[in-house]
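Here are my notes for you, in numbered points. Keep the structure open while you read, and look up each residue as it comes along.

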Amino acid sequence: MENKNSQMVSAELSLGEVTTKIKNWLNYLLSKWYVILIFGLIGAFLGLFYAKQNKPVYTATTTFVLESGESNAGSLGQMAGLAALAGIDFGASTGGIFQGDNLLELYRSRKMIEAALYSRTAADSTVSMIEKYLDVAEVKEKWKKKKPELLEISFKNIKQRSLSLQRAKDSVMEDVVANIRDKCLVVDKLDKKLSIIRVEVKSNDESFSKDFNDALVKNVNDFYVTTKTKKSQDNIKILQHKTDSVRGVMTGAITSAAIVIDNTPNLNPTKQAQRIIPTQRSQFSAETNKAILSQLIQHLEMAKMALLRETPLIQVIDEPILPLKKQFMSVYKGLIFGVIIGVMLSLFFMSIAFVIKRMVR
C-alpha cells in the first residue's frame, strides 16, 4: 500500500515538474516577444522579396493514348518459302522495342531532346528552339561576363567551322539537355493501368513551353512509329522491287515472242525452228514469270496488310493551347509564408537557448 502511495506521489511530482517547465518555457518566449516580432518582420521582407523576384512558370501539357500494333509473326510465317526466294527476313516483329517504360525514357533521351531543340519556333522560322532557350534562361548574358568566346557558337548548323567551337557547342548542348531533362520536362502515365501518357514542359517563357512541347511530342511519336514499322516497310520495299523486276522480265518475254512472229511472216514450212524455238522459249519464260509474279503480288499485299496491323495508333487527347497554365507566388502568399517561417525559426532558436540556459543553471 505504501508502495502504491509513493508511486502516485512520484507521478504527481513528475507531472507538476513538466507543467512548471512548460510554464517557464512559455513565459520565456513571451518575455522575448520583440525577438519573435523581429524574426517575423525579417521573414515578411524576405518572402516579399522572393515573390517579387520569382518568375512565373508556364506549363504546356500534352496527353495522348498509345495503342501498339498487332504482331504479324503469324501471318508472316506462311511467307517463309518466298522469303528465301526474295532474300528477305520475315522474322519476329519489333513489337517489344518500346514496351513498358521504354517510350517514357525515349522522351528523356538526348537524341529526342536535341532534335526538338534544333527545330524552329512557331513565331519565327529563322530562330531555333535552342537559341530561344538560351535567351529565356539568360545564358548568353552570363557568357558575356564569363565566357565571351562562346558567343561565336552558331546553332543554325549542326556542325561548326572549327573543332574547338564544335567541342564547346557539344558541351553547351549537353548542359542544356541535362537541365531540360531535370527541371523542365515531366513524362509519365496518368495511371499505370492505362495507356494515356502525359508530357509536360515547364519554363519561364510561355511560347517556348508550347513550341518545345509540340516539337518533342511530334519527333518522338514519329520516331516511335517509324521504328516500330521499319522491318515491315523494308520488307515491302524488297517485295515491291522483286515484283517490278519479275513483271519487267515477263513483259520482255511476251514482247520477244511477238517480235519473232513478226520477223517471220512468210516462214518456209520446212524451217519451223526459226519461229517455234524462240517463240516457245519466250512463252515458257513468260508463263514461269507469270506464276512467280502472282505469288509475289499475293505476298506483297499480305505484307501491306501486316504493316497496317503493326502500325501503332497514337491519338492526341489534349494539347497545349494559349494561354498556358501559369504558376507563380503572389505578394500576399510570399508575405504570409515569410512571416510564418520567420516566427517558427525564432521559436526554434529561442527554445534551444532556453534549454541551454536551464542546463547551465
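1. Start in helix α10, where you'll find phenylalanine 208 and phenylalanine 212 sitting four residues apart, or about one turn of the helix. Bear in mind that this is a predicted model. Both of these phenylalanines are buried. Their ring centres lie 5.5 Å apart with the planes at 20 degrees, and planes under 30 degrees apart count as stacked, so that's what we call this pair.

2. Now bring in tyrosine 133. Is the pair it makes with phenylalanine 208 stacked or tilted? The ring centres are 5.7 Å apart and the planes meet at 45 degrees, so the pair is tilted. Tyrosine 133 belongs to helix α7 and phenylalanine 208 to helix α10, so follow the chain between them: the two are 75 residues apart, and the pair links distant parts of it.

3. Put those together and you get one aromatic cluster made of Tyr133, Phe208 and Phe212. How buried are its members? Tyrosine 133 has 6% relative accessibility, which is why it counts as buried, and phenylalanine 208 is buried too, with a relative accessible area of 1%. The protein's count of aromatic pairs comes to five.

4. Next, the largest nonpolar core, which has 38 residues. The members that touch the most others are Tyr107, Leu117, Ile180, Val199, Phe212 and Leu216. Elements giving two or more residues to this core include β1 (57–67), α5 (102–108) and α6 (110–117). Helix α9 gives the most, with eight residues.

5. Leu117 deserves a closer look. Leaving aside its neighbours within four places in sequence, leucine 117 is in contact with Ser128, Met129, Ile130, Met173, Val176, Val177, Ile180 and Phe212. Apart from the largest core lies another one, of eleven residues, among them Leu239, Met250, Ala253 and Leu307.

6. For the strands, look at β2 (residues 185–189) and β3 (residues 196–203), which pair in the antiparallel sense over five bridges. A hairpin of six residues joins β2 to β3. If you want one bridge to find on screen, aspartate 188 has arginine 198 in β3 as its partner.

7. Finally, zoom out. The protein has 13 helices and five strands, and 32% of its 361 residues are buried. Among contacts with a separation of 6 or more, 77% come from residues 24 or more positions apart. The exposed area is about 23000 Å², with carbon and sulfur atoms supplying 60% of it.

Note on methods
Residues numbered from 1 in each chain as written. Predicted model: local features only at pLDDT ≥ 70, side-chain atom pairs only at ≥ 80, totals over all residues. Heavy atoms only, no water. Buried < 20%, exposed > 50% of the residue type's maximum accessible area, 1.4 Å probe, protein only. Contact = heavy atoms within 4.5 Å. Areas by Shrake-Rupley, 256 points an atom, 1.4 Å probe, with all protein chains shown as cover. Pairing = 2+ DSSP bridges. Core = buried A, V, L, I, M, F, W, Y, C linked by side-chain atoms within 4.5 Å. Phe/Tyr/Trp six-rings, centres within 6.5 Å; stacked < 30°, edge-to-face > 60°.
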